[in-house]
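Let's take a walk through this one together, starting with the overall layout and then moving to the side chains. Keep the sequence and the 3D view side by side as you read.

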Amino acid sequence: NKTQKKTVSGETPRDPVISKKTGHIFEKSLVLKHLEDEGKCPITNMELSEDDLVDIRTDGARKPRVATT
C-alpha cells in the first residue's frame, strides 16, 4: 500500500501523533489518510481511529544530530 509506505517511511514527523493502542508514532496527515482508507494501524493492522491518536507536543524540538567521535 503506497500510503502505508509513506506513513512508516522512517522520516522524522513534522506533526507527530502517537497511537494510544499501539504506541507507534506517525506523521499525522499520513496516518489520518491511511485510517480514512483502511481503518487500521499501518504497522499492526489493529482497528484504529482518529480518536485513538494523541498529538505529540514538539515545541522547540530539534532533529537529532549525528554523533561524531
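What follows goes from the overall layout to the salt bridges, then to one helix and one histidine.

Bear in mind that this is a predicted model. The protein chain has two helices and three strands, and if you start at the N terminus you meet them in the order α-β-β-α-β. Of its 69 residues, 23% count as buried. The chain exposes about 5500 Å², and carbon and sulfur atoms supply 46% of that area. Now look at the contacts with a separation of 6 or more: 45% of them are between residues 24 or more positions apart.

Next, the charged side chains. How many salt bridges does the structure hold? There are three. Start with Asp52 and Lys21, which form a salt bridge with their closest N and O atoms 3.6 Å apart. Asp52 sits in the loop between helix H2 (28–38) and strand E3 (53–55), while Lys21 sits in the loop between strands E1 (16–19) and E2 (25–27), so this pair ties together parts that are 31 residues apart in sequence. Is Asp52 buried or exposed? Its relative accessibility is 13%, and since anything under 20% counts as buried, Asp52 is buried. Its partner Lys21 is partly exposed, at 43%.

The second salt bridge joins the side chains of Asp55 and Lys28, with an N to O distance of 3.1 Å. Here Asp55 belongs to strand E3 and Lys28 to helix H2, so the pair links parts 27 residues apart in sequence. Lys28 is partly exposed, with a relative accessible area of 23%.

The third salt bridge is between Lys33 and Asp37, again at 3.1 Å from N to O. Where do Lys33 and Asp37 lie? Both are in helix H2, four residues apart, which is about one turn of the helix. Lys33 is partly exposed at 39% relative accessibility, and Asp37 is partly exposed too, at 41%.

While you have H2 in view, turn to its buried residues. Val31, His34 and Leu35 are buried in this helix. Try looking down the axis of H2: its buried residues fall within an arc of 100°, so they line one face of the helix. Just past the end, H2 is followed by Gly39, whose phi is positive, near 75°.

Finally, swing round to His24, in the loop between E1 and E2. His24 is partly exposed, with a relative accessible area of 24%. Which residues is His24 in contact with, once you leave aside its neighbours within four places in sequence? On one side of the numbering there are Val17, Ile18 and Ser19, and on the other Cys41, Ile43 and Thr44. His24 and Pro42 are 18 residues apart along the chain, and their C-alpha atoms are separated by 9.7 Å. The side chain of His24 also makes a polar contact of 3.0 Å with the side chain of Thr22.

To pull the charged pairs together: Asp52 with Lys21 bridges two loops, Asp55 with Lys28 connects strand E3 to helix H2, and Lys33 with Asp37 stays within H2.

Definitions and conventions. Residues numbered from 1 in each chain as written. Predicted model: local features only at pLDDT ≥ 70, side-chain atom pairs only at ≥ 80, totals over all residues. Heavy atoms only, no water. Buried < 20%, exposed > 50% of the residue type's maximum accessible area, 1.4 Å probe, protein only. Contact = heavy atoms within 4.5 Å. Areas by Shrake-Rupley, 256 points an atom, 1.4 Å probe, with all protein chains shown as cover. Salt bridge = Lys/Arg side-chain N within 4 Å of Asp/Glu carboxyl O. Arc of directions from axis to C-beta. Polar contact = N/O pair within 3.5 Å; in protein donor to acceptor, adjacent residues only side chain to side chain.
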